[in-house]
Amino acid sequence: AKTSGKDKTVFFNAGIGGQLSRKMELEKDLRLALEHRQFFIVYQPKWDARRGKEAGFEALLRWQHPKKGVVSPGEFIPIAEETGLIVQMTRWMLGEVCRQNKRWHDEGLFEVCISVNMSYRVFESMTLFDMVDEALRSSGLPGPMLELEITESIAMHNMAITLSQLQRVRDLGVGVSLDDFGTGHSSLGRLDEIPVDILKIDQSFVKNSDLTSKQALIVGIIGIARLLDLEVVAEGVETVEQAEFLLSRGCTLMQGYYYGRPMPPEEVEAGRWRITDI
Ligand code: C2E
Ligand code: CA
Ligand code: CA
Ligand code: CA
């Protein structure tokens, strides 16, 4: 009797119902998370293997949920995008990151650029310039010490609107990198039209950099970057073999667990993550 179609349907619905309610709860809770100060920021080093020092950090958002613990951005960013809350969250993030970097700069700890991930929603809202300008002004951080990470799909989606906003923030000296490069579609044809400074090789290529096919793609991306006079950062570098392969092909900017995990500012300051053996 338990294997009847009806029972299965009931079981299936309960599963979907469970997922829906978690999502709805998170959506409700997300609305209050900013004012309840439940967000915090972790920083992942980007290592300059040529100079043997940090090249910068990527700021990544974390949500400490009062009951559910730390919720991963993979789960709450899509909800924040659907609801539009991502715009306020990004404004907060930009303010915090600029203040943090100014402090590190003034204390003589780091003289680097920190990058912040951008959502298509921010471009849609047409508030990017104002929020970047405000974050730089109120912190006193120089524009070149801030970088925005966009994905190919953001750049390609509503290109005219995106490009004009990117151009305006670049006029403030702010850098732009193309995240997850190689995973989007139909980007190569118009890559030269997007105002970027840096290509970030997606983790999926680096993860499989023992495969000849992925090696060819990595070498291709490095070549494109060189031709277009862009810097290139490899993401998701976890092993010394991956780092050595990338170095041998001329990619010297590295990000990944091998060099350092995303960590709170106190750990960044403690500097235990620094790697000098490669
Ligand atoms: P992303 O921008 O591609 O960020 C890199 C992700 O890879 C991060 O996951 C990071 O922790 C992880 N990672 C770094 N090195 C390694 C490695 O060596 N191995 C592996 N397996 N993973 C590595 P995280 O922090 O969970 O973020 C996931 C995604 O969520 C990000 O992908 C980004 O798209 C989004 N996200 C995070 N913070 C923000 C934010 O403040 N704003 C927006 N719009 N999106 C964000
Ligand atoms: Ca990113
Ligand atoms: Ca630059
Ligand atoms: Ca990425």
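Buried, in this presentation, means a relative accessible area under 20%. By that cut-off Glu 235 is buried, because its relative accessible area is 7%. Please keep this residue in mind as we turn to the metal sites of the structure above, which is a predicted model.

I begin with the calcium ion (ligand 4). Its protein donors are Asp 179 (OD), Asp 180 (OD) and Glu 235, the last of which appears twice through OE, and they lie 2.2 to 2.6 Å from the ion. Along the chain, these donors follow the spacing D-D-x54-E. Asp 180 belongs to strand S6 (residues 175-181), whereas Glu 235 sits in the loop between strand S8 (231-234) and helix H10 (240-248), so this pair ties together parts that are 55 residues apart in sequence. In contrast to the buried Glu 235, Asp 180 is partly exposed, at 26% relative accessibility.

I now move to the calcium ion (ligand 2). Here the protein donors are Glu 58 (OE), Asn 117 (OD1), Glu 149 (OE) and Asp 179 (OD), at 2.2 to 2.3 Å from the ion. Their spacing in sequence is E-x58-N-x31-E-x29-D. Glu 149 is in strand S5 (residues 146-151) and Asp 179 in strand S6, so this pair ties together parts that are 30 residues apart in sequence. Glu 149 counts as buried at 1% relative accessibility, and Asp 179 is also buried, at 8%.

Which residue, then, coordinates both calcium ions, ligand 2 and ligand 4? That residue is Asp 179, and the two ions are 4.0 Å apart.

Definitions and conventions
Residues numbered from 1 in each chain as written. Chains lettered and ligands numbered in written order. Predicted model: local features only at pLDDT ≥ 70, side-chain atom pairs only at ≥ 80, totals over all residues. Heavy atoms only, no water. Donors = N, O, S within 2.8 Å, 3.2 Å for Na, K, Ca; no water. Helix = DSSP H or I, 4+ residues; strand = E, 2+ residues; numbered from the N terminus. Buried < 20%, exposed > 50% of the residue type's maximum accessible area, 1.4 Å probe, protein only.
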